[in-house]
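This briefing introduces one protein structure to a reader who has not met it before. The main points come in a short lead, followed by bullets grouped by topic.

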Amino acid sequence: MKLIFGGFVLAAMAGALWARRRYVVVTVEGTSMAPTLSDGDRVLVRRRRIDQVSTGDVVVLEPPLTPAEIGPPGRDGRQWNIKRAVALPGDPVPPGIDDSVTRVPPGALVVLGDNTDSVDSRQRGFFDADRLLGVALRRLGGPPL
């Protein structure tokens, strides 16, 4: 009996470790993604690289901040933004983002908040793909995004 229980506990720990490496729960702060997401919503995020992101995905990533813009960090010591990916490397640059280039450069992406008052690529330009955490899959307690 002890051997079976020990195996179950080991399997449960391995499963929890696997899930933690692939998924993160993020709490939305602010209104940049309203009406899709509201302040306080909790979102399940799957860790992804830029080549695993599609246009239209809601993504979580670190913003390109200047020292004057740095706000309080999250629990992990980092600051995260949640936005919608509207252009990926090689895609045409949407109007109003950066008039000096026609295509999104490698290693970058263009993100916009669903709320027109969002601070996003319209103000900050390209976001660095290396700062991507992942793609939001669903609001916890709600429908898929």
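Over residues 102-136 the chain is 11% helix and 34% strand, and the C-alpha atoms at the two ends of this stretch are 28 Å apart. The stretch is part of a UniProt annotation, "domain: Peptidase S26", which comes from an unreviewed entry and covers residues 10-93 and 102-136. The model is predicted. The points below cover the overall build, the salt bridges, the loop between β1 and β2, and a buried lysine, Lys83.

**Overall build**

- The protein contains 2 helices and 7 strands.
- Read from the N terminus, the order of these elements is α-β-β-β-β-β-α-β-β.
- Of the 145 residues in the protein, 31% are buried.
- Among contacts with a separation of 6 or more, 56% are between residues 24 or more positions apart.
- The protein exposes about 9,000 Å², and 57% of that area is supplied by carbon and sulfur atoms.

**Salt bridges**

- A search of the whole structure gives 4 salt bridges, and the bullets here describe those of Asp41, Asp51 and Asp114.
- Asp41 and Arg139 meet through their side chains in a salt bridge, with an N to O distance of 3.2 Å. Asp41 is in the loop between β1 (23-27) and β2 (42-47) while Arg139 is in strand β7 (residues 132-139), so this pair ties together parts that are 98 residues apart in sequence.
- Both partners of that bridge, Asp41 and Arg139, are buried.
- Asp114 and Arg84 also meet in a salt bridge, at 2.8 Å from N to O. This pair links distant parts of the chain, with Asp114 in the loop between β5 (108-112) and α2 (121-124) and Arg84 in strand β4, 30 residues apart.
- Asp114 has a relative accessibility of 27%, so it counts as partly exposed. Arg84 is partly exposed as well, with a relative accessible area of 22%.
- Asp51 forms a salt bridge with Arg49, and their closest N and O atoms are 3.2 Å apart.
- Asp51 counts as exposed because its relative accessibility is 57%. Arg49, at 53%, also counts as exposed.

**The loop between β1 and β2**

- Pro35 lies in the loop between β1 and β2. A cis peptide bond joins Ala34 to Pro35, with omega at about 10°.
- Thr36 lies in this loop too. Its relative accessible area is 24%, and it is partly exposed.
- Not counting residues up to four places away in sequence, Thr36 touches Arg84, Asp114, Arg139 and Leu145.
- Thr36 and Arg139 are 103 residues apart along the chain, and 9.6 Å separates their C-alpha atoms.
- Asp41 is another residue of the loop between β1 and β2. Asp41 is buried, with a relative accessible area of 17%.
- Leaving out residues up to four places away in sequence, Asp41 touches Val26, Thr27, Val28 and Arg139.
- The side chains of Asp41 and Arg139 are also joined by a polar contact of 3.2 Å.

**Lys83, a buried lysine**

- Lys83 is part of strand β4, which spans residues 81-87.
- Lys83 is buried but has no salt bridge. The nearest side chain of opposite charge belongs to Asp120, at 5.3 Å. A salt bridge needs the nitrogen and the carboxyl oxygen to be within 4 Å, so this pair does not qualify.
- The side chain of Lys83 does make a polar contact with the side chain of Ser32, at 3.2 Å.
- Setting aside neighbours within four places in sequence, Lys83 is in contact with several residues, including Ser32, Met33, Asp57, Val58 and Val59. Val111, Leu112, Gly113, Ser118, Val119 and Asp120 are also among its contacts.

Definitions and conventions. Residues numbered from 1 in each chain as written. Predicted model: local features only at pLDDT ≥ 70, side-chain atom pairs only at ≥ 80, totals over all residues. Heavy atoms only, no water. Helix = DSSP H or I, 4+ residues; strand = E, 2+ residues; numbered from the N terminus. Buried < 20%, exposed > 50% of the residue type's maximum accessible area, 1.4 Å probe, protein only. Lys, Arg positive; Asp, Glu negative; His and termini not counted. Polar contact = N/O pair within 3.5 Å; in protein donor to acceptor, adjacent residues only side chain to side chain. Contact = heavy atoms within 4.5 Å. UniProt positions renumbered as here; feature names shortened; annotations may be inferred. Areas by Shrake-Rupley, 256 points an atom, 1.4 Å probe, with all protein chains shown as cover.
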